[in-house]
Amino acid sequence: MIIILKRNASEESMKQISSYITGNGLEVHVSHGKEVTLIGVVGNKDLINPDHIRSMKDVDRIVPVTESYKLANKKFHPDPTSIKVGNTVIGPDNLTIMAGPCAVESKHQLLTIAHAVRDAGATFLRGGAYKPRTSPYSFQGLEAEGLQYMQEASMETGLATICEVVSLDAIEQAVKYVDMIQIGARNMQNFILLKEAGRSGMPVLLKRGLCATIEEWLNAAEYIIAEGNPNVVLCERGIRTFETATRNTLDLSAVPVLKTKTHLPIIIDPSHSTGSYQYVPSMAKAGVACGADGLMIEVHDNPACALSDGPQSLNFKKFHQLTEELRPFCQLVGRTF
Ligand code: PEP
Ligand code: MN
């Protein structure tokens, strides 16, 4: 449930309400919004008396939260969340562009790509050091060595960095070298990994599972936030449907739907969703137009020779052209990048 306080409620009343709730073994999460201040309550509601709460000073009303996710719920936190990572902010006023290779292949490759994407307007370098490939015989990533190159690229370019983690060991390594960790589509419901990502204290990008509903996705985000880590960004990367013309089907409607359900930022990945560089620009623009807070785009210096996901990677020229084409879209939706 959430307890909505009257306008100008005193600090004293808020403390009294909070201590009644915590004294009965439940948790409180206070949100000071533009319109109202509210207290979100998490825990066994049977242990508290709603009539008693309603009678307390400065309580306006109680609203039940029927969804199983609470901390990720917009009802708990009506204003959109913004998340600072390195020198960049992911959130309602910006369009955050994360770009880079599918996989970190070498130091030279990564540094070359890092400079190119930064010069075109990206503020984040993406690069996989642990690659969850469909085939066990495909390139699996440089692992810790790849993470070190990500750190070097960040020091050289000032870009924030993001890397996927696939195991508890990978999280332990990644926190030393990158600014944000990514939970990939295949691990969206790996609850042990989600909890550990929450405990890491790092900002987390949570990709939507290949067959996950929006509700399952938000519950996965809840696992991370429930560990005390509110810095979660959602990433729509396409879902499995009957259509085979694209690698996955980009569910753009997830963006407006999520904006009604959660305060967390949401970004669009037009690369993994379409699987083809030809479709990336259109879907990137569509993502901005429908309200996404950012884009994750695969870029490679020589896509034809990429060790992973070459067919969906943009070369430097195409990426630069796309960022130029995105500027008027950003202006229309009131975002800067
Ligand atoms: C990736 O971003 O490198 C990746 C593997 O994406 P996804 O988990 O969406 O397939
Ligand atoms: Mn990829």
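Helices are DSSP runs of H or I with at least four residues, numbered from the N terminus. Threonine 274 is found in helix 9 of this chain. The model described here is a predicted one.

**Overall division**

The chain is divided into two parts: domain 1 covers residues 2–63, and domain 2 covers residues 83–332. Between the C-alpha centres of domain 1 and domain 2 there is a distance of 37 Å.

**The manganese site**

Ligand 2 is a manganese ion, and its coordinating atoms are SG of Cys102, NE2 of His272, an OE atom of Glu298 and an OD atom of Asp309. The distances from these donors to the ion run from 2.0 to 2.3 Å. Along the sequence, the donor residues follow the spacing C-x169-H-x25-E-x10-D. Histidine 272 belongs to helix 9 (residues 270–274), whereas aspartate 309 sits in the loop between strand 14 (294–298) and helix 11 (316–333), so this pair ties together parts of the chain that are 37 residues apart in sequence.

Are histidine 272 and aspartate 309 buried or exposed? Both histidine 272 and aspartate 309 are buried. For aspartate 309 the relative accessible area is 15%, and the residue counts as buried because that value is under the 20% limit. Aspartate 309 also has a positive phi of about 55 degrees, although it is not a glycine.

**The surroundings of ligand 1**

Ligand 1 is surrounded by Arg126, Lys131, Glu164, Gln182, Gly184, Ala185, Arg186, Lys207, Arg237 and His272. His272 is thus part of this shell, and His272 is also a donor to the manganese ion. By class, the shell around ligand 1 consists of six charged residues, three polar ones and one nonpolar one.

Three side chains can be named with a distance to an oxygen atom of ligand 1. The side chain of arginine 237 has an N or O atom 2.6 Å from such an oxygen. For lysine 131, an N or O atom of the side chain is 2.9 Å from an oxygen atom of the ligand. In lysine 207, a polar side-chain atom likewise lies 2.9 Å from an oxygen atom of ligand 1. How much of the area that ligand 1 exposes when taken alone does the protein bury? Ligand 1 taken alone exposes 290 Å², and the protein buries 97% of that.

**Single residues elsewhere**

Threonine 274, in helix 9, is buried, with a relative accessible area of 5%. Methionine 1 has its place in the segment before strand 1 (2–5). Methionine 1 is buried too, at a relative accessible area of 9%.

Glutamate 143 is found in the loop between strand 8 (124–126) and helix 4 (144–157). The phi of glutamate 143 is positive, at about 55 degrees, although the residue is not a glycine. Glutamate 143 counts as partly exposed because its relative accessibility of 41% falls between the limits of 20% and 50%.

Aspartate 179 lies in the loop between helix 5 (168–177) and strand 10 (180–183), and its relative accessible area of 27% makes it partly exposed. Serine 200 is found in helix 6 (residues 191–200). At 25% relative accessibility, serine 200 is partly exposed as well.

Each of these residues except glutamate 143 can be paired with another position in the chain, as the table shows.

| Pair | Separation in sequence | C-alpha to C-alpha distance |
|---|---|---|
| Threonine 274 and glycine 100 | 174 residues | 17 Å |
| Methionine 1 and isoleucine 39 | 38 residues | 8.6 Å |
| Aspartate 179 and leucine 159 | 20 residues | 9.6 Å |
| Serine 200 and isoleucine 171 | 29 residues | 7.6 Å |

How values were computed
Residues numbered from 1 in each chain as written. Chains lettered and ligands numbered in written order. Predicted model: local features only at pLDDT ≥ 70, side-chain atom pairs only at ≥ 80, totals over all residues. Heavy atoms only, no water. Near = heavy atom within 4 Å. Polar contact = N/O pair within 3.5 Å; in protein donor to acceptor, adjacent residues only side chain to side chain. Areas by Shrake-Rupley, 256 points an atom, 1.4 Å probe, with all protein chains shown as cover. Nonpolar A, V, L, I, M, F, W, Y, C, P; charged D, E, K, R; others polar. Domains from an automatic or database assignment. Donors = N, O, S within 2.8 Å, 3.2 Å for Na, K, Ca; no water. Helix = DSSP H or I, 4+ residues; strand = E, 2+ residues; numbered from the N terminus. Buried < 20%, exposed > 50% of the residue type's maximum accessible area, 1.4 Å probe, protein only.
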